[in-house]
Amino acid sequence: MIMDHSIKPIDHYLPEPAVEPVFALLKEEHVEIKVKRERKTRHGDYRRLPKGHHQITVNSSLNPYKFLITLIHEIAHLKAYQSFGRSIKPHGQEWKFTFQHLMLPFLNPHVFPPELLPTLAQHFKNPRASSDTDYALALALKKYNPSSDLIMVSEIGIGQTFSLYNGKIFKRGEKRRKRIECMEVKTGRIYLFNPLAEVNLLQ
């Protein structure tokens, strides 16, 4: 059974009505939950440790609703491997079924704002490997982020410049299907950005 010290640090990152149900999901598992500083390449991850133990990490920068979705996403990896074996695809049908099953009790107005529920219901008909690839859900969840000076790439005008967290400067170009073409000013190289990527607009 998970020890109290592994769950208590995440209490204030979750919507309050979700805390006890999350604990119930984990109480029979030897799993350590770690809250990490923001990582640009992932919101969370799951690792199987030696001797039947497990580790799940989630970024501290996520708003409570995105934190909950990410945490259940990672718990679904643990449960899917237990139920179907280690040979399954990480985000295959077995994981999707498990994720849907685990999220269902949370999809109610006691846990999520009512205006989010239709978008969540649509997403969980066929959950994706990352909620960020579901534009409608990512945009809906973004409304609950703390206020920030950052702006989404999709809100920037064509030809305007912006910088990333690492200081690199880009000029926005045209949208290509689901991504936005942007040129790195220093090198002239073209990169494709998620429309929801948050950047610093340069005047």
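Ala, Val, Leu, Ile, Met, Phe, Trp, Tyr, Cys and Pro are counted here as nonpolar, Asp, Glu, Lys and Arg as charged, and the others, Gly among them, as polar. With that split, the lining of the largest pocket in this predicted model comes out at 20 polar, 15 nonpolar and twelve charged residues. The pocket itself holds about 1,400 Å³ of space, and 47 residues line it. Those nearest its centre are Glu 38, Lys 40, His 43, Lys 66 and Asp 132. As for secondary structure, two or more lining residues come from each of strand 2 (44–48), helix 3, helix 6 (135–142), strand 8 (190–193) and strand 9 (198–202). Helix 3 puts in the most, with six residues.

Lys 66 deserves a look of its own. This residue sits in helix 3, which spans residues 64–84. Its relative accessibility is 13%, so Lys 66 counts as buried, the cut-off being under 20%. Leaving aside residues up to four places away in sequence, Lys 66 is in contact with His 43, Ser 131, Asp 132 and Leu 141. Of these partners, His 43 and Asp 132 also turn up among the residues nearest the centre of the largest pocket.

Then there is the second largest pocket, with a volume of about 190 Å³. Its lining is made up of Arg 128, Asp 132, Thr 133, Tyr 135, Lys 175, Arg 177, Lys 178, Arg 179, Asn 194 and Pro 195. By class, that gives six charged, two polar and two nonpolar residues. Asp 132 thus lines both pockets.

Conventions: Residues are numbered from 1 along each chain as its sequence is written. This is a predicted model: local features need pLDDT of at least 70, side-chain atom pairs count only at pLDDT 80 or more; totals for chains, interfaces and linings use all residues. Side-chain values use heavy atoms; hydrogens and water are left out. Helices (H or I, at least four residues) and strands (E, at least two) are DSSP runs, numbered from the N terminus. Buried means under 20% relative accessible area, exposed over 50%, partly exposed in between (1.4 Å probe, protein chains only). Contact means heavy atoms within 4.5 Å. On a 1 Å grid over the protein atoms alone, a cavity is a set of points where a 1.4 Å probe fits but cannot get out, and a pocket is an open set with protein on both sides within 12 Å along at least five of seven lines; lining residues have an atom within 4 Å of a point. Grid points are joined across faces, edges and corners, and a volume is the space filled by probe spheres set on the points.
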